[in-house]
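Please describe the fold of this protein chain for a first-year student, beginning with its overall dimensions and then moving to its sheet, its helices and one of its loops.

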Amino acid sequence: MRKSISVKGLSHRHPVPNACRIGNMVFSGAVHGVSPTTHELPHEMADQSANVFANMLAIIEAAGGSAEDIIKVEIYLRDSRNRDAVNAEWIRMFPDPESRPARHVRPLPPDSPSLVQCEFIAVLEEVP
């Protein structure tokens with residue numbers, strides 16, 4: 001059975017959940033760098049990156065999982081050369097180099113208000 005995952009403060013402006021879970025699989029939609037409390041998108045890459053990773057964690061936890069369950073992350077960057085802030089958050093969330101998810105970077109459109117976004121796939125250990 002499919003279950004929509006929505007996190008308060010991170011809801012999409014369209015009728016789309018933050019993620020979807022079927023069995024032990026979780027797939028996110030776009031995870032933005034907005035603050036879940038102010039709903040504002042910071043101007044700085046470091047702040048957006050911190051929010052993206054915090055929002056990703058909130059979504060996977062709402063789905064019943066943890067960062068350990070994430071197996072693939074797609075990072076979207078407006079400027080692919082600007083990865084330092086993303087890498088700092090990546091290491092903070094996934095500190096063990098022997099247990100990190102796969103990752104791929106893709107471009108965001110140049111007119112995007114976001115500097116960084118992500119999507120993820122997770123496999124949870126237990127089926128509800």
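The radius of gyration used here is taken over C-alpha atoms, and the rule for a globule is 2.2 Å times the number of residues to the power 0.38. The model is a predicted one. With 128 residues, a compact globule would by that rule have a radius of gyration near 14 Å, and because the protein chain has 14 Å, the two agree. Along its principal axes, the C-alpha trace spans about 40 × 35 × 25 Å. Buried residues make up 39% of the 128 residues, while the chain exposes about 7,600 Å², of which carbon and sulfur atoms supply 53%. Among contacts between residues at least 6 apart in sequence, 68% join residues at least 24 apart.

**The sheet**

The protein chain has two helices and six strands, and read along the sequence they follow the pattern β-β-β-α-β-α-β-β. The six strands form an open sheet in the order S1-S2-S3-S6-S4-S5, with mixed pairing. S1 and S5 (102-107) stand at the edges with a single partner strand each, so one side of each is left without a neighbour in the sheet. From one strand to the next, the twist averages 15°. Strands of a sheet pair through backbone hydrogen bonds, either parallel or antiparallel.

Strand S3 offers a good place to look at such pairing in detail. S2 and S3 run antiparallel and are joined by four bridges, and S3 and S6 also run antiparallel, with three bridges between them. The table lists some residues that stand opposite each other in these strands.

| Residue in S3 | Residue opposite or bridge partner |
|---|---|
| Val26 | Arg21 |
| Val26 | Ala122 in S6 |
| Ser28 | Ala19 |

The hairpin of S2 and S3 has two residues between the strands, and in this hairpin Gly23 takes a positive phi near 60°. In a regular strand the side chains alternate between the two faces of the sheet. In S3, Val26 and Ser28 belong to the covered face, whereas Met25 and Phe27 belong to the uncovered one.

**Helix H1 against the sheet**

Helix H1 (residues 45-62) has 18 residues and reaches 25 Å from its first C-alpha to its last, which is close to the 26 Å expected at 1.5 Å a residue. H1 lies across S1, S2, S3, S4 and S6, and runs at about 25° to S6. Which residues of H1 are buried? They are Met45, Gln48, Ser49, Asn51, Val52, Phe53, Asn55, Met56, Ile59 and Ile60. What covers these buried residues includes the strands S1 (2-5), S2 (19-22), S3 (25-28), S4 (70-77) and S6 (116-123), together with helix H2 (84-93). Just after H1, Gly64 takes a positive phi of about 95°.

**A loop residue**

Pro110 has its place in the loop between S5 and S6. Is Pro110 buried or exposed? A residue is called exposed when its relative accessible area is over 50%, and because Pro110 has a relative accessibility of 71%, Pro110 counts as exposed. Pro110 and Asp79 are 31 residues apart in sequence, and their C-alpha atoms are 8.2 Å apart in space.

Methods
Residues are numbered from 1 along each chain as its sequence is written. This is a predicted model: local features need pLDDT of at least 70, side-chain atom pairs count only at pLDDT 80 or more; totals for chains, interfaces and linings use all residues. Side-chain values use heavy atoms; hydrogens and water are left out. The expected span of a helix is 1.5 Å times one less than its number of residues. Buried means under 20% relative accessible area, exposed over 50%, partly exposed in between (1.4 Å probe, protein chains only). Contact means heavy atoms within 4.5 Å. Two strands pair if DSSP finds at least two bridges between them. Axes are lines fitted to C-alpha atoms, for helices over the stretch in contact, and angles run from 0 to 180 degrees between N-to-C directions. Accessible areas come from the Shrake-Rupley method with a 1.4 Å probe; for residues, only the protein chains shown count as cover.
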